[in-house]
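Hello,

Here is the structure I promised to pass on to you. Have a look at it first, and then read on for what turned up in it.

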Amino acid sequence: MADSSYALLTLDDLEEGQNVFSLELHSEDLELKDEFFTFHSLVKAEVKVRRSMDNFNLEGVVSCKIAGDCYRCLKAAEQAVEARFHLSVQRRQASPEELESAEEDGYIEIVDPGTRQVDIGEYIREAIILDLPMRLPTANVEGNCPQCGEDLTEDSNKDKQEETDPRWAALGKIEFSSSEEST
Ligand SMILES: [Zn+2]
């Protein structure tokens, strides 16, 4: 697992009510890797914590940049990724059943009454991984590649209208004109 001990949240540094803090992490430390793109080193996290006694409600926004080659034009493409996570930290005594259901839930972490720090690195990492695009680049609002301007929406229509593939259309034309000549 990622060594994320730099993403520690010190519970008693937080005041009752709303707290905001930001973290700067490194993608290497978060062990962010992907087959198709590289991660910029800097990963930023903005975390809002609402504290009520020993309940800490976290809302995080994580941002980083990824780089790779456009799958259409093969030019270098860069893209910002913004991911969100939510976590509820409860510092209290809990039964094994409660701990188990909190673990299943994935958004609740129950920690011992004596706990001073909670590591949120794994939540940041997961948030990014869940929000990664399948490939680069993601089309702009017009549905085109932001680098080469090629229409990236085409792929989603392909299964619906195979007959419009330009290669087949060209073949059809050749056959038609040659048969015309022979008559
Ligand atoms: Zn492109």
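A word on terms before we start: a residue is called buried under 20% relative accessible area and exposed over 50%, with partly exposed in between. Please also keep in mind that this is a predicted model.

By that scale, cysteine 148 is partly exposed, because its relative accessibility is 28%. Cysteine 70 has 0% relative accessibility, so it counts as buried. I begin with these two because both hold the zinc ion.

The zinc site

Which atoms coordinate the zinc ion? They are the SG atoms of Cys70, Cys73, Cys145 and Cys148, at 2.2 to 2.4 Å. The spacing of these donor residues in sequence is C-x2-C-x71-C-x2-C. Cysteine 70 and cysteine 148 thus bring distant parts of the chain together, as they are 78 residues apart. Cysteine 70 sits in the loop between β5 (55-69) and β6 (76-91), while cysteine 148 belongs to the loop between α2 and α3.

The geometry deserves a look too. Ideal angles for four tetrahedral donors at a metal are 109.5 degrees. Around this zinc ion the four donor atoms subtend angles of 88 to 142°, and the arrangement is therefore irregular. The cut-off behind that label is that all angles must lie between 85 and 135 degrees for four donors to count as tetrahedral.

With cysteines in view, you may wonder how many disulfides there are in the whole structure. The search finds zero.

Proline 137 and its surroundings

Please turn next to the loop between α2 (121-130) and α3 (154-157), where you will find proline 137. The peptide bond that joins leucine 136 to proline 137 is cis, and its omega is near -15°. For context, most peptide bonds are trans. Proline 137 has a relative accessible area of 5%, so it is buried.

What does proline 137 touch, beyond its neighbours within four places in sequence? Its contacts are Cys70, Tyr71, Ala77, Gln79, Cys145, Pro146 and Leu152. Two of the zinc ligands, Cys70 and Cys145, are included there. Between proline 137 and tyrosine 71 the C-alpha separation is 7.3 Å, although their positions lie 66 residues apart along the chain. Tyrosine 71 has another partner: arginine 135 lies over the face of its ring, 3.7 Å from the ring centre.

Glutamine 79, also on that contact list, is part of strand β6. With a relative accessible area of 15%, glutamine 79 is buried. Setting aside neighbours within four places, glutamine 79 contacts Cys64, Lys65 and Ile66, as well as Pro133, Leu136, Pro137 and Thr138.

The chain as a whole

Stepping back, the protein chain has four helices and eight strands. In sequence order they give the pattern β-β-β-β-β-β-α-β-β-α-α-α. Of its 183 residues, 32% count as buried. Among contacts with a separation of 6 or more, 58% come from residues 24 or more positions apart.

Is helix α1 (residues 96-105) well covered or hardly covered? It is hardly covered, with one buried residue among its ten. Glycine 106 follows α1 and has a positive phi, near 85°.

Two phenylalanines and two unusual phi values

A search of the whole structure finds one aromatic pair. The partners are phenylalanine 37 and phenylalanine 39, and the pair is edge-to-face because the ring planes are at 75°, with the centres 6.3 Å apart. Both phenylalanines, 37 and 39, are buried.

Finally, a few words on the backbone. Most residues other than glycine have a negative phi. Glutamate 31 has a positive value, near 55°, and it lies in the loop between β2 (17-26) and β3 (38-39). Glutamate 31 is partly exposed, since its relative accessible area is 36%. Methionine 53 has a positive phi near 55° as well, and its place is the loop between β4 (42-52) and β5. At 60% relative accessible area, methionine 53 is exposed.

If you open the model, the zinc site and proline 137 are good places to begin, as Cys70 is both a zinc donor and a contact of proline 137.

Best wishes

How values were computed: Residues are numbered from 1 along each chain as its sequence is written. This is a predicted model: local features need pLDDT of at least 70, side-chain atom pairs count only at pLDDT 80 or more; totals for chains, interfaces and linings use all residues. Side-chain values use heavy atoms; hydrogens and water are left out. Helices (H or I, at least four residues) and strands (E, at least two) are DSSP runs, numbered from the N terminus. Buried means under 20% relative accessible area, exposed over 50%, partly exposed in between (1.4 Å probe, protein chains only). Contact means heavy atoms within 4.5 Å. Donors are N, O and S atoms within 2.8 Å of the metal (3.2 Å for Na, K and Ca); water is not among the atoms, so sites may look incomplete. Four donors count as tetrahedral if all angles lie between 85 and 135 degrees; four count as square planar and six as octahedral if opposite donors are over 155 degrees apart and all others between 65 and 115; anything else is irregular. Rings of Phe, Tyr and Trp (its six-membered ring) pair if their centres lie within 6.5 Å; planes under 30 degrees apart count as stacked, over 60 as edge-to-face and the rest as tilted. A charge sits over a ring if NZ of Lys or CZ of Arg is within 6 Å of the ring centre and within 35 degrees of the ring normal. A disulfide is a pair of cysteine sulfur atoms within 2.5 Å.
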